[in-house]
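Take a look at the model below. This report covers how its parts meet one another.

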There are 2 protein chains.
Amino acid sequence: MSINKRIGNRILALRKTQNLSQEALAHKANVDRTYITGVETGKRNVTVRVLERIILALESNFATFFNDKAFQDEK
Amino acid sequence: MSINKRIGNRILALRKTQNLSQEALAHKANVDRTYITGVETGKRNVTVRVLERIILALESNFATFFNDKAFQDEK
DNA sequence: ATGTGACTGTGAGTCCGTT
DNA sequence: AAACGGACTCACAGTCACA
């Protein structure tokens, strides 16, 4: 699984726990709604600056975001 | 502190523990040597795909990389 | 409410070199 | 060994009409 898809899945999962629509998340993160779609579906290769905005909009942080089984299988 | 600088500092710290030069890390991560300089000094806004290569070259993973005080101060 | 294809401007990433 | 600079290509940020 590509890093883009793992990140997209993680964002989707966190968004669901917050009961947010893509549109609501996009608004909080100050990005376009269709951009969230692209990220969640793994089509976008995000930079850390934009990823930070999305993570903060999910009321999380980098440490928590990547503290997930999907990000421990490497090394 | 910007996310770029926090990531740069983390890469620098991990690289030091591995006793790698920027050039050696660049070679392992398959990126340009001047790019590592830019990332470590916080001037570059890396994409997650390249960040993954650097993290793997540091023989780490995303979960461990971001499991650091510098990435827990947000939220 | 989510997904796709296409578009433009800017910056990611490379390659040459110098300090 | 590390930082920096210029010039370059191509991909990402950001947006839209449409499905």
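A polar contact is a pair of N or O atoms within 3.5 Å; within protein, one atom must be able to donate a hydrogen and the other to accept it, and residues adjacent in sequence count only if both atoms are side-chain atoms. This is a predicted model, where local features need pLDDT of at least 70, side-chain atom pairs count only at pLDDT 80 or more, and totals for chains, interfaces and linings use all residues. Residues are numbered from 1 along each chain as its sequence is written, chains are lettered from A and ligands numbered from 1 in the order in which they are written, and side-chain values use heavy atoms, with hydrogens and water left out.

**Chain A against chain B**

Between chain A and chain B, ten residue pairs are in polar contact, both residues at pLDDT 80 or more. Three helices of chain A give two or more residues each to the side that touches chain B: H1 (3–17), H4 (48–57) and H5 (62–66). Helices here are DSSP runs (H or I, at least four residues), numbered from the N terminus. H4(A) has the largest share of that side, with five residues. By class, the side has ten nonpolar, six polar and six charged residues. Ala, Val, Leu, Ile, Met, Phe, Trp, Tyr, Cys and Pro count as nonpolar, Asp, Glu, Lys and Arg as charged, and the others, Gly among them, as polar.

Each chain brings 22 residues to the contact, which means heavy atoms within 4.5 Å. The size of an interface is often given as the accessible area lost when the parts come together. Here the buried area is about 2100 Å², and carbon and sulfur atoms give 61% of it. That area is found with a 1.4 Å probe and summed over both parts.

How many salt bridges are there between chain A and chain B? The count is two. A salt bridge is a side-chain nitrogen of Lys or Arg within 4 Å of a carboxyl oxygen of Asp or Glu. One joins A:Arg6 to B:Glu52, at 2.7 Å from N to O.

**The two DNA strands**

A residue is near a strand if one of its heavy atoms lies within 4 Å of it. DNA strand C is surrounded by 20 residues, and the closest include A:Gln22 and B:Arg44. Sugar and phosphate make up 54% of the strand C atoms within 4 Å of the protein. DNA strand D has 19 residues around it, with A:Tyr35 and B:Lys43 among the closest. For strand D, sugar or phosphate supplies 60% of the atoms within 4 Å of the protein, and bases the rest. H3(B) gives the most to the surface near strand D, with three residues.

The table lists some side-chain contacts with the DNA.

| Residue | DNA atom | Distance |
|---|---|---|
| A:Arg15 | phosphate oxygen, strand C | 3.0 Å |
| A:Gln22 | phosphate oxygen, strand C | 2.5 Å |
| B:Arg44 | base nitrogen, strand C | 2.5 Å |
| A:Tyr35 | phosphate oxygen, strand D | 2.3 Å |
| A:Arg44 | base nitrogen, strand D | 2.9 Å |
| A:Asn45 | phosphate oxygen, strand D | 2.8 Å |

**One residue: B:Lys28**

B:Lys28 lies in helix H2 (residues 22–29) of chain B. Its relative accessible area is 43%, so B:Lys28 is partly exposed, a label between buried (under 20%) and exposed (over 50%) with a 1.4 Å probe, protein chains only. The B:Lys28 side chain reaches the backbone oxygen of B:Ala57 at 3.2 Å. The same side chain makes a polar contact with the side chain of B:Glu59, at 2.9 Å.

Key
Buried area is the accessible area (1.4 Å probe) that two parts lose on being put together, summed over both.
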